[in-house]
Amino acid sequence: MARILLTILMLAPLLAATGMERFPPPEFKAGHQLPETATPPAREALRAYIDVAVLAAALGLAAWLVLRRRSRRGVFVLMVFSLLYFGFYRRGCVCPIGAIQNVTLAVFDSSYSIPITVLAFFLLPLAFALLFGRVFCSSVCPLGAAQDLVLFRPLKVPAWLGHALGLLPYVYLGLAVLLAACGSSFIICQYDPFVPFFRMSGSLHMLILGGAFLVLGMFVGRAYCRFLCPYGALLNLASRLSRWRVTITPDECVKCRLCEDACPFDAIRKPTPAGVFGRTEGRMLLGGLILLLPALMAAVGCLGNMSGSALSRTNRTIQVAELVRLDARTPQGDPVDEVVAFRRTGRLDAELFQEAESLRRSYERGGWLFGGWVGLVIAMKLIGLSIRRTRIDYEAERGSCMACARCYRWCPQEL
Amino acid sequence: MGEEQRKKLNRREFLRFGAGAGIAAAGGVYLAAAHAGADRTVWQIDPDKCIQCGNCKTECVLATSAVKCVHAFAMCGYCELCTGFFEPQPNSLNEGAENQLCPTGAIKRSFVEDPYYEYIIDEELCNGCAKCVKGCSSFGNGSLFLQVRHNLCLNCNQCSIAAACPSRAFRRVPADHPYLLKHRETEG
C-alpha cells in the first residue's frame with residue numbers, strides 16, 4: 001500500500017509537467033542526439049582584477065607625474081592612455097562615477113552585495129584624492145580626458161555663474177543616491193554623456209547630449225566635470241583635506257598671474273592682502289549665514305519632500321501600480337505590457353497598491369533628506385564665499401583644482 | 001611666517017587630513033565588511049517573467065541586441081507545424097521566407113525523422129525580437145526563450161533594456177552562473 005502511495009507521489013510532478021507540455025517531446029527511433037544549448041561564459045573574473053590594478057597603477061603614476069615630476073606632458077600621455085583603456089577598450093563601465101550607485105544600492109538593498117572590484121573602483125580614487133588631490137580627474141578618468149583633449153579655446157566662466165553651477169554636482173549626487181536607494185534606475189549611468197562614444201553606439205538623444213558636451217567642452221574647460229559630475233563633488237570634498245596638493249610654483253611666486261590665465265578651470269585664486277575686508281562686517285555676515293543654515297535646510301527639505309511623489313514616478317513598481325489602477329478603472333482595449341506582465345504573476349491588485357504606497361512614502365522620506373542636503377550645500381557655499389582668507393600668493397583652490405598641470409608650464413619660476 | 005605659526009598650520013593640516021582619512025577608512029571598512037561580496041554580477045532575463053514585448057531588440061545599447069533566442073531542446077516537441085517558426089497562417093509548411101515568423105530568418109529547420117523537425121537558432125542572425133518566443137510559448141511548449149548572451153553583452157552598470165522592461169524580468173545574477181535556462185519540469 002505504502003509503495004503504491006509512494007509511486008503516485010513520485011508520479012505527481014510528472015503529471016503536472018505533462019500539463020505544461022502541449023506536445024510531448026519525442027522519443028526518436030534512430031537515437032537522434034539533442035543539440036546542447038550553448039552558454040557562452042561571462043567575462044573572466046581575472047579581468048576585473050586587472051582593471052582594478054590598472055586603475056591603482058594609473059592613479060599612482062598620475063600622483064607622481066603631477067606632484068613630483070611636475071610634467072604636463074606626462075599627464076597628457078597618461079590621459080590619452082586612460083581614454084583608450086578605460087574609455088574605448090573597457091567601454092567606460094564600471095567607472096567610479098557610476099559606482100556611487102552600486103555602493104548606495106548595496107547599503108539600502110540587502111539582496112544586493114557590491115562586487116569587491118566595483119567597491120575598489122569607488123574607493124581608490126577617493127583615497128588618492130585624500131592623499132594627493134584630484135589626480136583621478138587629472139589623467140585617469142576617461143570622461144575628463146575626453147573633454148580635456150577637445151579643450152580648444154577656454155573661456156572664463158563668470159565667478160557668479162561658476163559658483164552657482166558648481167552646486168549642480170552636489171544636487172545631482174543627492175538625486176542619484178536617492179533614486180538608487182529607493183530602487184529607481186541608475187541615472188548617472190543612464191545619462192552619462194560620453195559612454196555612447198566609448199561604445200560607438202547608443203540612443204540618438206544620448207549621442208546628441210554627448211556631442212553637445214564635447215562642443216561646449218571646446219570653449220568651457222571640462223563642463224561635465226565641473227558642473228555635473230557627482231563623483232567630482234565627492235573628490236572635491238576629499239581633496240580639500242588632501243595631505244599633498246598642487247603647488248603652482250616650485251619657488252617664490254613673482255605674481256605674474258600667468259598661471260591664472262593658464263588655468264582653464266578657473267581654479268586659481270588671486271592673492272588677497274590682509275585687511276581689505278572689514279572684520280566686524282564679515283563676522284556679522286558669517287553669523288547670519290550660520291543661523292540661516294538650518295532654516296535653509298528645513299525649507300529646501302520641505303520642497304524635497306513635496307517633490308517626493310513626482311520622483312517616485314521613476315520607480316517601476318509605482319509605474320506598474322499606476323497602470324494597473326488605470327486599467328482597472330477603464331478596462332476597455334488591450335492592456336499595456338506592464339499590466340499583462342503583472343496579471344501573469346497572479347498577485348492581487350491591492351497587494352501591489354500597498355507596495356507602491358509604501359514605496360511612495362519612502363520617496364517622500366528620502367525627499368526630506370535630499371532637500372536637506374541641497375539646503376546644506378547652498379548654505380555651505382554661501383558660508384564659504386563669506387569667509388575671506390588672506391592669501392599671499394596665487395594658489396590653486398584645493399577642491400576645484402583638477403591637477404591638470406597646465407599652470408606649471410606657464411610659471412616662469414619653473415625650471 | 002614665523003616658525004611657530006608654520007607649526008600650527010601644519011598641525012591644522014594634519015588634523016584635517018587625519019579626519020578625512022579616518023572617515024574614509026571607516027566608511028571603506030564598513031562597506032567592505034557589511035555589503036561587499038566576491039561575486040561579480042551580470043544581467044540576465046528570467047524566462048518565466050518575460051512577456052516577449054520586443055523591447056530587448058530595440059533598447060540594448062549595442063546596434064544588434066546582446067539578447068538572443070535560446071532553445072531548450074529537451075522541452076521542444078519537434079513539431080512539423082512549429083508556431084515559433086511559422087507565420088500564423090502559413091501558405092505551406094516549408095522554409096519559404098513568406099512562411100517564416102522570424103524577420104531575419106535566424107531559425108534553421110531541419111528534418112529529423114517522420115514527423116519530427118528540429119529548430120536551431122543562428123545567433124549571428126537573431127536580433128532578440130522575441131516573435132518566435134511569443135509564438136512558441138503561446139501555442140507550443142515554450143522551449144524557445146530569450147537570454148542575454150555574455151559573449152556579446154557589455155554588462156553596463158545600468159542595463160538599458162532592464163530599465164525599459166515592462167515585466168521586470170531582468171535581474172543581476174552571479175557571473176559564474178550567468179544563465180537562467182528553461183528545463184523540462186521532470187528534469188527538475
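Me: How do I read contacts along chain A, and what share of those with a separation of 6 or more comes from residues 24 or more positions apart?

Reply: Two residues count as in contact if their C-beta atoms, placed from the backbone, lie within 7 Å. In chain A, 83% of the contacts with a separation of 6 or more are between residues 24 or more positions apart. Keep in mind that this is a predicted model, where local features need pLDDT of at least 70, side-chain atom pairs count only at pLDDT 80 or more, and totals for chains, interfaces and linings use all residues. Residues are numbered from 1 along each chain as its sequence is written, while chains are lettered from A and ligands numbered from 1 in the order in which they are written.

Me: How many helices and strands does chain A have?

Reply: Helices (H or I, at least four residues) and strands (E, at least two) are DSSP runs, numbered from the N terminus. Chain A has 20 helices and three strands. Its radius of gyration is 28 Å, well over the 22 Å that the globule rule gives for 415 residues, so chain A is more spread out than a compact globule. That radius is taken over C-alpha atoms, and the rule is 2.2 Å times the number of residues to the power 0.38. Along its principal axes, the C-alpha trace of chain A spans about 100 × 55 × 45 Å.

Me: And what percentage of chain A is buried?

Reply: Count the other C-beta atoms (placed from the backbone) within 10 Å of a residue's own: 20 or more is buried, 12 or fewer is exposed, and in between is partly exposed. Buried residues make up 40% of the 415 in chain A. For a single case, take Leu291(A) in helix α16 (residues 279–312): this leucine counts as exposed, with 11 C-beta neighbours inside 10 Å.

Me: Now the place where the chains touch. How many residues does each chain bring to the contact?

Reply: Chain A brings 60 residues and chain B brings 57. On the side of chain A that touches chain B, α5(A) gives the most, with seven residues. That side divides into 37 nonpolar, twelve polar and eleven charged residues. Here Ala, Val, Leu, Ile, Met, Phe, Trp, Tyr, Cys and Pro count as nonpolar, Asp, Glu, Lys and Arg as charged, and the others, Gly among them, as polar.

Me: Which strand of chain B is joined to β1(A)?

Reply: Strands pair if DSSP finds at least two bridges between them. Two bridges join β1(A) to strand β1 (residues 36–37) of chain B, and the two run parallel. Pro115(A) stands opposite Gly37(B) there.

Me: What is the usual sign of phi, and are most peptide bonds cis or trans?

Reply: Most residues other than glycine have a negative phi, and most peptide bonds are trans. Arg257(A) isn't a glycine, yet has a positive phi of about 60 degrees. Arg257(A) sits in the loop between α14 (230–240) and α15 (258–262), and is partly exposed, with 14 other C-beta atoms within 10 Å. Gln52(B) has a positive phi too, about 55 degrees, but Gln52(B) is buried, with 23 other C-beta atoms within 10 Å.

Me: Where are the cis bonds?

Reply: One joins Cys93(A) and Val94(A), with omega about -10 degrees. Val94(A) lies in the loop between α3 (72–89) and α4 of chain A. Another runs from Asp114(B) to Pro115(B), with omega near 0 degrees.
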